[in-house]
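The following paragraphs lead the reader through one protein structure, from a single residue to the whole chain and back to its charged side chains. Please keep the sequence and the model in view while reading.

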Amino acid sequence: MFKIGDFSKLTHVSIRMLRYYDEQNLLKPALVDEISLYRYYSAKQMGRLFRIVYFRDLGFGTAEIHRLLTADDQKKSIPCWWRSTQKSRRILCQRKKSSCVLNTP
């Protein structure tokens, strides 16, 4: 188990964002000490955190990320992942177009 500060350093995600993900029910700590209220995370949670960061970087909101991460079966998750792929392609195309416009003399 890692204290929130150690987990933050290992994953390069700020403590503030880890607390935010906890508040948004995206990534709950594996353990919260009842006395000190310190948050502890496990190594197993890193994969989920990296998926959250990936989707956030693509422009997805917390509700969309939550939906992607909690799809409980293939019938729900495949369309959800498909829509996320389509959205990420649109975002990347928009970014490419914006950078081309900005680089034009």
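Is Leu-68 buried or exposed? The model consulted for the reply is a predicted one. In it, Leu-68 has a relative accessible area of 5% and is therefore buried, since a residue counts as buried under 20%. Leu-68 belongs to helix H4, which covers residues 62–70. Its C-alpha atom is separated by 9.6 Å from that of Arg-51, a residue 17 positions away along the chain.

The overall arrangement may be considered next. The protein chain contains 5 helices and 3 strands, and along the sequence these elements follow the pattern β-α-α-β-β-α-α-α. Of its 105 residues, 30% count as buried. The chain exposes about 7500 Å², and carbon and sulfur atoms supply 57% of that area. Among contacts with a separation of 6 or more, 50% are made by residues 24 or more positions apart.

The strands form an open sheet of 3 strands in the order E1-E3-E2, with antiparallel pairing. Strand E1 (2–3) and strand E2 (31–32) are the edge strands, each pairing on one side only. Between E2 and E3 the antiparallel pairing extends over 2 bridges. One residue to note here is Val-32, whose bridge partner in E3 is Arg-39; Arg-39 will return below in another role.

Helix H2 repays closer inspection. Spanning residues 15–23, H2 has Met-17, Leu-18, Tyr-21 and Asp-22 as its buried residues. Viewed down the axis of H2, these buried residues fall within an arc of 145 degrees, and so they line one face of the helix. The spacing accords with a general property: an α-helix has 3.6 residues a turn, so residues three or four places apart point the same way. Arg-16 and Glu-23, on the other side of H2, are exposed. The partners of the buried residues of H2 are helix H1 (4–11), strand E3 (39–41) and helix H3 (46–57), against which they pack. After H2 comes Asn-25, which has a positive phi, near 60 degrees.

Which residues are linked to Asp-22 in a network of salt bridges? They are Lys-28 and Arg-39. The side chain of Asp-22 meets that of Lys-28 at 2.9 Å, N to O. In the salt bridge between Asp-22 and Arg-39, the closest N and O atoms are 3.0 Å apart. This second pair links distant parts of the chain, with Arg-39 in strand E3 and Asp-22 in helix H2, 17 residues apart. Asp-22 has a relative accessible area of 9% and is buried, whereas Lys-28, at 44%, is partly exposed. Asp-22 is thus one of the residues on the buried face of H2 and also a member of the salt-bridge network.

The structure holds 3 salt bridges. Besides those involving Asp-22, there is a salt bridge in which the side chains of Asp-57 and Arg-56 meet at 3.2 Å, N to O. How accessible are these two residues? Asp-57 counts as partly exposed at 41% relative accessibility, and Arg-56 is likewise partly exposed, with a relative accessible area of 33%.

Definitions and conventions
Residues are numbered from 1 along each chain as its sequence is written. This is a predicted model: local features need pLDDT of at least 70, side-chain atom pairs count only at pLDDT 80 or more; totals for chains, interfaces and linings use all residues. Side-chain values use heavy atoms; hydrogens and water are left out. Buried means under 20% relative accessible area, exposed over 50%, partly exposed in between (1.4 Å probe, protein chains only). Helices (H or I, at least four residues) and strands (E, at least two) are DSSP runs, numbered from the N terminus. The arc is that of the directions from the helix axis to the C-beta atoms. Contact means heavy atoms within 4.5 Å. Two strands pair if DSSP finds at least two bridges between them. Accessible areas come from the Shrake-Rupley method with a 1.4 Å probe; for residues, only the protein chains shown count as cover. A salt bridge is a side-chain nitrogen of Lys or Arg within 4 Å of a carboxyl oxygen of Asp or Glu.
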